[in-house]
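Work through the following exercises with the model open beside you, trying each task before reading its solution.

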Amino acid sequence: MDKINKKELSEIDICDLFITPAIKNSGWDQMRQIRREVTLTPGPIIVRGNMSSRNKKKRKFADYVLSWEPDVPVAVVEAKDNKHTVSHGMQQALSYAGILQVPSAFSSNGDAFASHNNVPTAGEDIETQFPLEQFPLPQTLWQRYKTYRGIEDTSEELVLQPYHLDSSWKEPRYYQVEAINRVIEAVAKGQKRLLLVMATGTGKTYTTFQIIWRLWKAKAVKRALFLVDRNILADQTLVNDFKPFGSVMAKVKNRKIDPAYEIHLALYQAITGPDEGDKIFKKVSPDFFDMIVIDECHRGSAAEDSAWREILEYFSGAIQLGMTATPKETKYVSNIDYFGEPVYTYSLKQGIQDGFLAPYKVVRIDIDKDIYGWTPPPGMTDDLGQEIEGRTYNQKDMDRILVLNQRTKLVARRVMQFLNATDPFAKTIIFCEDIDHAERMRAAIVNAAGQLAIDNPKYVVRITGDSVEGKAELDNFIDPESKFPVIATTSDLLTTGVDAKTCKLIVLDKTISSMTIFKQIIGRGTRIEEEYNKYFFTIMDFKKATELFRDPEFDGEPVIIFEPGDDDDPVPPDPEYPEDDDYGDDDDGEGVKKIFVSGVPATIIAERIAYCGPDGKLITESYRDFTRKQIKSEFTSLGEFLRRWNTAKKKQVIIELLEEHGIVLDNLAEEIGKEFGDFDLICHIAYDQPPLTRKERSNNVKKRNYFTKYGEQARAVLNALLDKYADEGILTLENAKVLKLKPFSDMGTPMEIINQVFGGKTNYENAIQELEQELFDLEQIA
């Protein structure tokens, strides 16, 4: 080891030769307790037009996570190569320790360890350094963790009860681990009422399963009840996340709680009701259940008159865990009043920043009759010949009291305009005022879709509680493998409990009066499905819901809020950064006399745009202005850009750097012109240089006597490469795989061209670089 020059070693070498052995020699088990290269967060998704990509620069990646037991992390270690100081990685390590909520963070360059201890004893420094041979023992860091988290010795057995591991070795995400551990630790301390706040799409049901599993396996809980208010949720849970419980689990049916089972799934409608005879939960003793988990506990569960509250009070001795995506209600702080402050919160905002949840765009659309109101002329009659009450009808009246058929058609046309401009087969949910509105919207979409609806009878369906045919299509709608139906019109059925993972467009043509309902609707789109190219979703808002219910602390800001004019592109521009009847209370519209009027026109008067920049703040500027600002933040002058472009061995490095700033040059080309290359787009947008097309640049090189120093075969190859550049751009030029294509394949194999025509790889790469210098003629531009 003494002969090794550490300065020449890579970071991985330092880990393998110095850091890992030091940790192992202190008694850490490499198989069970030491995890290397642990991805904590995948990095947020950058949305640009209809394209998206991960911001890998913001991914959180720990070199080491040390655990006392699997999924009980106690420390992180950040490694650096030996060109850095011992403590150089400490700030990174502290960031990761904060994510994992552990008290111990370490940094090393292979010479020694720097340490940060969040629970120092009296007289002990928080930060110290010590030799490699003195890395703390596992027992030392476990004791430190217990002090930090307030875990008593008597609670150890429960706190360390193993997680369930399935055959796929699926591991919980960091925030799921933290949520599960926080609940287990609270139960170990004797806490009976617990609240977990987790945004929709973050795996609440999987988290619930692991909590119940560990408590059940530890025999801290014998019987558990998981209460939901949607049948589909109970069925999904039974066959998916809760499946490992197997034969000890049952869904409550036929209004009977069977004591033969230990894990019970139930709709609250199945075990209670308005009449005393409906309250079948009272047929078992108050100590029958040791634990009750209330899914979506924000939906009235803590209101004094709530059916849920009555169940909780009856089983008051049980551990009661409320799960919600809504930290507060608008009328009262319901769940917090009952359960107390959350033991853990994971917000939509944090999920989007981490890259676990999909960011969203907002298209806000104002219709004239909604904003200005509509007053019928004196004596005007509706479609049935009845005189219309002489008053001003506004947005809240639309499709609840007043039905303007032209308005419905306008909304349908706008929806289809957006889908046709992006993806006509993107799964879409349209939330309507009631069943009648949902049916009229279905018909309007059919007409607006035209040939799509003719070719595919199930292109759009109404999925509401009263429609057997519609409900039969629900499974197909939420199945990523099923292409149809594409569009679902509904009122309340799809607000909760439906895991529509590939939903890309949510249309709000419904007056929403509750923050809870709004969050649940938004939750239909937050899941990321990379396999199906679902990285973000769009909310098209006709009823100002996204203005009324902004909660940026929990939800974060949308990446785009868009309000285009009537003739504008409908696609937002790129940003900166009871058991059988359990489908919800779909309002059928009966009991309210509606006024139907066909002849009154409706027009869009405003569609606004704003978007979230890299710093998370809402901005209102064009993508072009944003691009200019971002390019200049990286390259302060044209001269600096030209220098770095010229010295980059591969221009792809520059292009990837700009993508990290949120700039996708393909999208810029859509605005400026597809015939321009990346170089000219950058120079034109950021530095006001007149652009040349790729073909013009290619022809300029051909006119010069640049090729005379090469042989005939090399000239033929370089000429063909220029043609490829003119057609496809710089990245094609730099990719050696292009030599497999025609006309190069007629000249020989890639190896023959590189070795025989150019005399080797180095000469070939030099020829490409020289060709690029001629293409961009940098000295003339500068």
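**Exercise 1: the sheet and its helices**

Determine the strand order of the open sheet and identify its edges.

Step 1. The open sheet has seven strands paired in parallel, in the order β11-β12-β10-β13-β14-β9-β15, where two strands pair if DSSP finds at least two bridges between them, and where strands (E, at least two residues) and helices (H or I, at least four residues) are DSSP runs numbered from the N terminus. Step 2. Because β11 and β15 (344-346) each have a single partner strand, they stand at the edges, and one side of each is left without a neighbour in the sheet. Step 3. From one strand to the next, the twist averages 15°.

The model is predicted, so local features need pLDDT of at least 70 and side-chain atom pairs pLDDT 80 or more, while totals for chains, interfaces and linings use all residues. Residues are numbered from 1 along each chain as its sequence is written, and side-chain values use heavy atoms, without hydrogens and water.

**Exercise 2: two crossing helices**

Describe how α26 and α31 cross, and list the residues that make the contact.

Step 1. The axes (lines fitted to C-alpha atoms over the stretch in contact, with angles from 0 to 180 degrees between N-to-C directions) of α26 (residues 694-703) and α31 (residues 761-776) come within 8 Å and cross at roughly 110°. Step 2. The two helices α26 and α31 are therefore roughly perpendicular, a class covering 65 to 115 degrees. Step 3. Contact (heavy atoms within 4.5 Å) involves Arg 697, Ser 698 and Val 701 of α26 and Leu 771, Glu 774, Leu 775 and Phe 776 of α31.

Conventions
Angles under 35 degrees count as roughly parallel, over 145 as roughly antiparallel, 65 to 115 as roughly perpendicular and the rest as oblique.
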